[in-house]
Amino acid sequence: MWKHRYYFLLLMPALIYFVLFHYVPMAGVVLAFKNYSIAKGIFGSEWAGLEHFRRLFDSASFYEILSNTIRISLYRLIFVFIAPVVFALLLNEIRGTGIKRTVQTISYLPHFISWVVLGGIIQELLSPTRGVVNYVIKLLGGEPVYFLADPNYFRGVLIVTDIWQSVGWGSIIYLSAIAGINPDQYESASIDGASRWDMIGKITLPSILPTIVIMFIFQLGGIMNAGFDQIFNLYNPSVYKVADIIDTYVYRIGLVKMEYDYTTAVGLFKNTVGFILVVLANLVTSRVRGGEYKLW
């Protein structure tokens with residue numbers, strides 16, 4: 001450390017940032033075990049023990065929001081995860097360089113737009129009175145549908161719009177993996193009379209499968225994060241039954257109703273589950289990649 005002291009000195013601002021804004025605030029987790037009083041402060045408030053956790057597990061609404069969180073996360077894991085893989089495979093089949101770059105650029109753009117802006121765009125597109133989608137439905141003789149207020153459609157809207165926002169950016173890593181495949185394999189397959197579909201199924205997919213597996217395991221670690229930004233900017237009380245997740249519940253009860261102690265307990269439960277999943281994902285990843293950690 002002394003030999004490379006100047007490099008460590010350059011690293012100090014980043015270390016100070018993480019200590020001040022990521023580790024010191026963790027002391028506030030004690031709020032989950034106290035009856036918080038603004039006048040007494042976090043450490044001066046009376047101990048409540050596991051009272052907030054009992055309230056959490058005795059609440060009927062908790063199991064509903066937990067179910068919504070897991071269900072929406074699983075939908076994302078299945079559909080939103082697969083979409084970039086399929087998009088990368090299709091994009092790889094485009095032979096025109098100019099067209100390929102144009103499609104890539106257009107698909108990347110939604111990733112750089114905030115969900116606050118995207119939420120407004122989606123609300124306008126799906127508006128039952130002036131939205132383009134409902135305009136087409138009416139032209140075809142159907143009745144307008146309020147997609148963002150109908151529990152039967154809301155989750156579908158979440159998944160479709162999430163794919164639209166993330167598919168381009170998510171395909172980058174798979175396109176990089178495809179670029180690393182030896183071209184001689186395709187030439188040999190072409191000489192043997194293989195079609196493009198044969199090449200995709202027998203060469204491209206098996207070659208990028210390790211990357212797909214690793215990315216899938218990483219996604220498992222974040223299964224308790226169902227997408228607060230997107231849901232918060234799109235949902236409303238009429239779809240709480242199918243859209244209210246742990247993060248939106250914590251926001252509504254904690255910041256709006258100011259029950260800081262109770263929502264700290266809710267957040268601690270969520271983060272504990274998330275931490276366990278991250279550790280398990282790390283162990284599985286290490287095993288898949290041939291690391292030193294083994295599950296058995």
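**Exercise 1.** What radius of gyration does the chain have, and what value would a compact globule of 296 residues have?

*Solution.* The model is predicted, so that local features need pLDDT of at least 70 and side-chain atom pairs count only at pLDDT 80 or more, while totals for chains, interfaces and linings use all residues. Residues are numbered from 1 along each chain as its sequence is written, and side-chain values use heavy atoms, with hydrogens and water left out. Begin with the rule, which is 2.2 Å times the number of residues to the power 0.38, the radius being taken over C-alpha atoms. For a compact globule of 296 residues this gives a value near 19 Å, but the chain has 24 Å. Then consider the box that the C-alpha atoms fill, roughly 75 × 75 × 40 Å along the principal axes.

**Exercise 2.** Determine which residues and elements line the largest pocket.

*Solution.* A pocket is an open set of points on a 1 Å grid over the protein atoms alone, where a 1.4 Å probe fits, with protein on both sides within 12 Å along at least five of seven lines; lining residues have an atom within 4 Å of a point. The lining comprises 24 residues, of which Arg76, Val80, Asp162, Ser166 and Gln219 lie nearest the centre of the pocket. Among the elements that give two or more residues are helix H3 (60–92) and helix H10 (196–221), helices being DSSP runs of H or I with at least four residues. H3 gives the most, with six residues.
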